[in-house]
Amino acid sequence: MAVSGLVFIGFVLSHMYGNLKALSGELAFNEYAEHLRTLGEPLLPYSGLLWIIRVGLIVSLVVHVGSAVVLARRAHAARPVKYANRKYKNSSFSSRTMRWGGLTILVFLIWHLLNFTIVKINPAGGETNNPYRLMVDTFDLWWMTLIYLAAMAALALHLHHGTFSALQTLGLTNTAAARSRARAAGWVLAVVVAGGFSLVPIFTLLGVIS
Amino acid sequence: MRLTLKIWRQQNASAPGAMKTYDLDGVSTDMSFLEMLDVLNEQLQSQGEEPVAFDHDCREGICGSCSLMINGQAHGPEVTTTCQLHMRSFKDGDTITVEPWRAAGFPVVKDLVVDRSAFDRIIQAGGFISANTGSAPEANSVPAPRDKAMRAFDVATCIGCGACVASCPNGSASLFMGAKITHLGELPQGQPERYSRVVDMVAQHDAEGFGGCTNIGECAAACPKGIPLDVISQLNRDLRDALRQGR
């Protein structure tokens, strides 16, 4: 769970960086998208490195979801009779919503891949072979932007607890200071990643990116 | 004080249980929570009803016998054991729900009493050091660094009450295990069995039906002895080292 989670943290950071290329205009964004496919050439074939990364991400996803299912089942079995009255003393909202948040991100991921990668659905009905235009057409629709922002809120919550939890699971938070640093890292990643991702849809809707 | 108590009543391990409501008058704010239950039981007995069964022993916060989920919190609203919780923490007219620890590893014996021998079996699996009998060795022949000794002492305060399991949304006993593993692992005497200890204790923990830890942190907040969450990190680190050594 922790290791696959760290793979995803690396992925969302680099994905967010790529998205921010949209702020530099159509040419920079599309060049970046093409560059991802030619990276590693001529040693690797066209899209070769991209597929190596994709396979790594798919394996991480299977491991991550698989671990989550095992943990959820164990938790369910460990408390057969629920409490009639339950109060939480000192746990973050994010830590208690990891399962629902994760499910939200998974559903979003399916739509996101259909939208931009597998099928390339242009909800506005425009062209689909130009990554930049597909993105602008999508986020020009206020409800699409809203769906993406909601998904980023779920991602922020997931990262907030997930980062700390991964470090704790890997045994790297053995002192109170290390624990505070791990929690701070969770906050920073949540704000930077979700904030960075949200800039592009918001700027597109506001007309800064067009 | 006048209180309305909603208490879990269950005849035995196999019988179905239910919450029952009782009115109790004349409760003093100086009573401990258990003394309040004693008063309730006297009232019940005078009415010819069966008293509420609950665990208790030392009543001074050191034995770990008392339990109780009070208004949805393990050992109630204060960070202490139920025997050291006083009725001044409640208000006149309050409704208080009292439930047993809820965990597959802690089956209900009767009413509010649960069987916590799963913890004993986890300790038997690895929560010990092997020492030769005979005369005690010279204490100064085994130096223990002060910071490590202090950490060991701090986490050795775990009384095994089970509040960590009761309050954990996953029903995990990782804080309890982590406390034992940190306590013994920080001291020189605990080194020979350090890595077999963590593997054996975790295996027993899982076999007892406790859940997996997702680092939510309710356990450390509920712990009457203030065992911090970093003992779970220590547990994970020792487990990682043990697995790397192929244990």
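## Two domains in chain B

In this predicted model, chain B splits into domain 1, covering 3-110, and domain 2, covering 116-244. Measuring from centre to centre over the C-alpha atoms, the two domains of chain B sit 29 Å apart.

The two domains of chain B also touch each other: 18 residues of domain 1 meet 18 residues of domain 2. On the domain 1 side of that contact, nine residues are nonpolar, eight are polar and one is charged.

## Chain A at a glance

If you turn to chain A, you will find eight helices and zero strands, so to speak an α-α-α-α-α-α-α-α pattern when read along the sequence. Along its principal axes, the C-alpha atoms of chain A fill a box of roughly 55 × 40 × 35 Å.

Chain A has 210 residues, and 25% of them are buried. Take the contacts in chain A between residues at least 6 apart in sequence: 66% of these join residues at least 24 apart.

## Where the chains meet

How many residues does each chain bring to the contact between chain A and chain B? Chain A brings 33 residues and chain B brings 33 residues. On the chain A side, four helices each supply at least two residues: H3 (48-78), H4 (93-96), H7 (142-169) and H8 (176-206).

Which helix gives the largest share of the chain A side? That is H3(A), with five residues. By residue type, the side of chain A that touches chain B holds 14 nonpolar, eleven polar and eight charged residues.

## Helix H8 of chain B

Helix H8 of chain B runs over residues 230-244, which is 15 residues. At 1.5 Å a residue the helix should span 21 Å, and its end C-alpha atoms are 21 Å apart, so the expected and modelled spans agree.

A run of residues in H8(B) is buried: Asp230(B), Val231(B), Ile232(B), Ser233(B), Gln234(B), Leu235(B), Asn236(B), Arg237(B), Asp238(B) and Leu239(B). What covers these buried residues? The cover includes parts of both chains, with H7 and H8 of chain A alongside helix H3 (146-155), helix H5 (174-185) and helix H6 (194-207) of chain B. After H8(B) comes Gly246(B), which has a positive phi near 80°.

Terms used:
Residues are numbered from 1 along each chain as its sequence is written. Chains are lettered from A and ligands numbered from 1 in the order in which they are written. This is a predicted model: local features need pLDDT of at least 70, side-chain atom pairs count only at pLDDT 80 or more; totals for chains, interfaces and linings use all residues. Domain bounds come from an automatic or database domain assignment. Two residues are in contact if their C-beta atoms, placed from the backbone, lie within 7 Å. Ala, Val, Leu, Ile, Met, Phe, Trp, Tyr, Cys and Pro count as nonpolar, Asp, Glu, Lys and Arg as charged, and the others, Gly among them, as polar. A residue is buried if 20 or more other C-beta atoms lie within 10 Å of its own, exposed if 12 or fewer, and partly exposed in between; C-beta atoms are placed from the backbone. The expected span of a helix is 1.5 Å times one less than its number of residues.
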